[in-house]
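Let's take a look at a protein chain together and see how it is put together. Here it is.

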Amino acid sequence: MAELEPRDIWKIVEEQAREDEALEAQMREVASMSDAALDEELRQAGVDVAEVEKRTRALHASSKGAPKVERRPAPRVVEKRPWRRPVVLWLVAATAAVAGGLAYSALHEAPPPAPAPAPTPSTPRAPPVQPGPPDLVAATDMRHRAAVAYDAGHLSECLSLLDQARDRDPAGDAAPEVKQLRAKVMRAFDDKPDAGR
């Protein structure tokens, strides 16, 4: 399995930093929201705020061992609900932890595979080698750069990057967006024989 080049590691770290900054901005936005705005945001996301509040209060009461109190009409003054923001912030933090785990797994190699048994006469050749995580990361980066090159009108560079990515990750070349990009490049070459050259 090929090791990641320092520039590839740096790109992954930069991408993770951008994702972390975006996540922090979302966390600050959620923390600055009023209770009414937070309620509206949750409603738009399909959350039944009244049901969540009811269940949370029931859970809170049962966790303290307090007897259940008979429900009374709500007072006219709107109460502050301090539990909402921490719950939302906890969900955002959990998302950040998952993103960090994905970045960690992308930066660290998997343990080497167990040695293959000695070939027998009935197995004349070894199975094809599947691309490892560094090859997949590099192929994904090349496909992204190919899309940028296409948008900039550099058709030859785009096609070259797509071919290099296919060499590293043949299965990824079958992805619909890759097929679509390759087809657009080929159509552009057909329309303008010296386009991008």
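In what order do the elements of the chain run from the N terminus on? They go α-α-α-α-α-α-α, which comes to 7 helices and 0 strands. Helices here are DSSP runs of H or I with at least four residues, strands are runs of E with at least two, and both are numbered from the N terminus.

A quick word on the source: this is a predicted model, where local features need pLDDT of at least 70, side-chain atom pairs count only at pLDDT 80 or more, and totals for chains, interfaces and linings use all residues. Residues are numbered from 1 along each chain as its sequence is written, and side-chain values use heavy atoms, with hydrogens and water left out.

Now for helix H7, residues 176-191. At 1.5 Å a residue (times one less than the number of residues), its 16 residues should span 22 Å, and the end C-alpha atoms are indeed 22 Å apart. Here are its two sets of residues, where buried means under 20% relative accessible area, exposed over 50%, and partly exposed in between (1.4 Å probe, protein chains only):

| Set in H7 | Residues |
|---|---|
| Buried | Val178, Leu181, Arg182, Val185, Ala188, Phe189 |
| Exposed, on the face turned away from the buried side | Pro176, Lys179, Gln180, Asp190, Asp191 |

The buried ones cover an arc of only 120° around the axis (taken from the directions from the helix axis to the C-beta atoms), so they sit on the same side of H7.

Zooming out, buried residues make up 21% of the 197 residues in the chain. Over in helix H1 (residues 6-32) you'll find Ile9, which is partly exposed, with a relative accessible area of 33%.
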